[in-house]
Amino acid sequence: MLAPYDRTVSVGLPTGTVTFLFSDIEGSTELSRQHGVAYGDLRAEHRRVLREAFAAQGGSVIDALGDAFFVVFDRATDALAAAVAAQRALANTGAVRVRIGIHTTEPHLHSDGYVGVGVTRAARICAAAHGRQIVVSQATAAIVEDQNIADLRLRDLGEHRLKDISQPQRLFQVEAEGLLSEFPPLAAATTAGSIGTLLVTDLVGWGRIMRELGDDAAAAAATAYYRIVDEHVRANNGRLVERGGDHTLSLFSTAEDAVIAAARIRMGLRESDWIDDGINKPTICAAIHTGRLARPSEGHFGSPAFHAFRLSASAEPGQILVSHATQAMLEGQILDRVSLRDLGERVLPGAEAPERVYELVDELPGAD
């Protein structure tokens, strides 16, 4: 645990969007028992190596107590470069295993130092990592991916629950030459068993489209379709988790984000020239369902996914159906230019008992 901030710590520190790096030694208590007094020398060498790596990339050490560091960087890429250099240097000694967590945020800079949930998030990411592992938040990963840094890769580790953070966090592992790449699952709860909202989209008449366009042109149209879906899913805090042929499956942490994304996808497909002009532009059937997910970090969503696909199969061309479970999550909320129309009860394909179904009616500019 880091010591309280010194009153002068905020002088000269970067403001605005910054990147925090936390590190500590894995199994430090056991190492202390094994090495006795000599552990002090191991820890001192570890601190020297890390300070050199941080300084070389312009990092400012906010706090350093015992086995831990808290460092701030102006740029996310500098933080990652420092982390990679530090792990490479420590790997040569083999004495200690350091875990590193990185998060990009816009914290408040008080006279006592940085405050805000971004500090907590970065610290929790570090705590979830293993020794010799570098784990970064989705915010940091997005910046790094845009930079297209040579010889550096990000492995998607899925969504995880971090202590004191209300929403599940999507985390990524940094991979580069000289770094270990295989680790046990993170020391954090995955979102298995948590509530999520799934959106299914399905193009109407895709078989006809393939016959009229031919394989190559149909593949190009499918790619454009996926791109439109992915664009609106990402813009509304979701994640495209499956795509194939004429269907997509996307995951959202809130029902509200899912319905807004669905409305915008429908409009995007209507208005954009994503398919050859000589073809009657296909419309979508879509469905939204909320349920308890199985193992989302591994791509297994359980019965909620089957329910969403059944609901989609019940939709008319151009229609977005919403399950009663999702409607219940939205009850009492004021939605932005969309509403739900009660369609009453119906029996979904493959189901036995009827259930209440709603239709998403959008009032976005240009909607019918």
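This section describes the overall dimensions, sheet architecture and selected residue environments of a predicted model of a protein chain.

The secondary structure of the protein chain consists of 10 helices and 17 strands. Its C-alpha trace extends over about 75 × 45 × 40 Å along the principal axes. The chain contains 368 residues, of which 48% count as buried. Among contacts with a sequence separation of 6 or more, 69% involve residues 24 or more positions apart. The exposed area of the protein chain is about 17,500 Å², and carbon and sulfur atoms contribute 47% of that area. Charged side chains comprise 35 positive and 48 negative groups, with the centres of the two sets 5 Å apart.

Seven strands form an open sheet in the order β12-β13-β11-β14-β15-β17-β16, and the pairing within this sheet is mixed. The edges are occupied by β12 (238-244) and β16 (338-346), each of which pairs on one side only. On average, and with direction ignored, neighbouring strands of the sheet are turned by 25 degrees against each other. Helix α9 (residues 303-313) packs on this sheet, where the helix touches β11 (195-203), β12, β13 (247-252), β14, β15 and β17 (355-362). The direction of α9 makes about 150 degrees with that of β14.

Strands of a sheet pair through backbone hydrogen bonds, in either a parallel or an antiparallel sense. Both senses occur in the part of the sheet that runs from β14 to β16, as the following pairs show. Strand β14 (residues 284-292) and strand β15 (residues 320-323) are parallel and are joined over three bridges. Within this pair, A286 is positioned opposite I320 of β15. Strand β15 also pairs with β17, here in the antiparallel sense and over three bridges; L321 has E359 of β17 as its bridge partner. The pairing of β16 with β17 is likewise antiparallel and extends over seven bridges, with R356 in β17 serving as the bridge partner of E345. Strand β17 is largely enclosed by the rest of the structure, because six of its eight residues are buried.

A further antiparallel pair is formed by strand β2 (residues 60-65) and strand β3 (residues 68-73), which are joined by five bridges. In this pair, V61 has V71 of β3 as its bridge partner. The two strands form a hairpin with two residues between them. One residue of the turn, G66, adopts a positive phi of about 60 degrees.

Two threonines located in strands illustrate buried environments. T197 lies in strand β11, and its relative accessibility is 2%, so T197 falls under the 20% limit for a buried residue. Beyond its neighbours within four places in sequence, T197 is in contact with S250, L251, F252, T254, A255, A258, I288, H289, T290 and T326. The C-alpha atom of T197 is separated by 34 Å from that of R211, although these residues are 14 positions apart along the chain. The second threonine, T105, belongs to strand β4 (residues 98-105). With a relative accessibility of 15%, T105 also counts as buried. When residues up to four places away in sequence are set aside, T105 touches G16, T17, V18, F20 and G118.

Two loop residues were also examined. R132 is situated in the loop between α4 (117-128) and β7 (134-137). Its relative accessibility is 23%, and R132 therefore counts as partly exposed. Most residues other than glycine have a negative phi. In R132, however, phi is positive and near 75 degrees. G302 occupies the loop between β14 and α9, the helix that packs on the seven-stranded sheet. With a relative accessible area of 28%, G302 is partly exposed. The C-alpha atoms of G302 and R292 are 8.2 Å apart, and the two residues are separated by 10 positions in sequence.

Technical notes. Residues numbered from 1 in each chain as written. Predicted model: local features only at pLDDT ≥ 70, side-chain atom pairs only at ≥ 80, totals over all residues. Heavy atoms only, no water. Helix = DSSP H or I, 4+ residues; strand = E, 2+ residues; numbered from the N terminus. Buried < 20%, exposed > 50% of the residue type's maximum accessible area, 1.4 Å probe, protein only. Contact = heavy atoms within 4.5 Å. Areas by Shrake-Rupley, 256 points an atom, 1.4 Å probe, with all protein chains shown as cover. Lys, Arg positive; Asp, Glu negative; His and termini not counted. Charge placed at Lys NZ, Arg CZ, Asp CG, Glu CD. Pairing = 2+ DSSP bridges. Axes fitted to C-alpha atoms, helices over the stretch in contact; angles between N-to-C directions.
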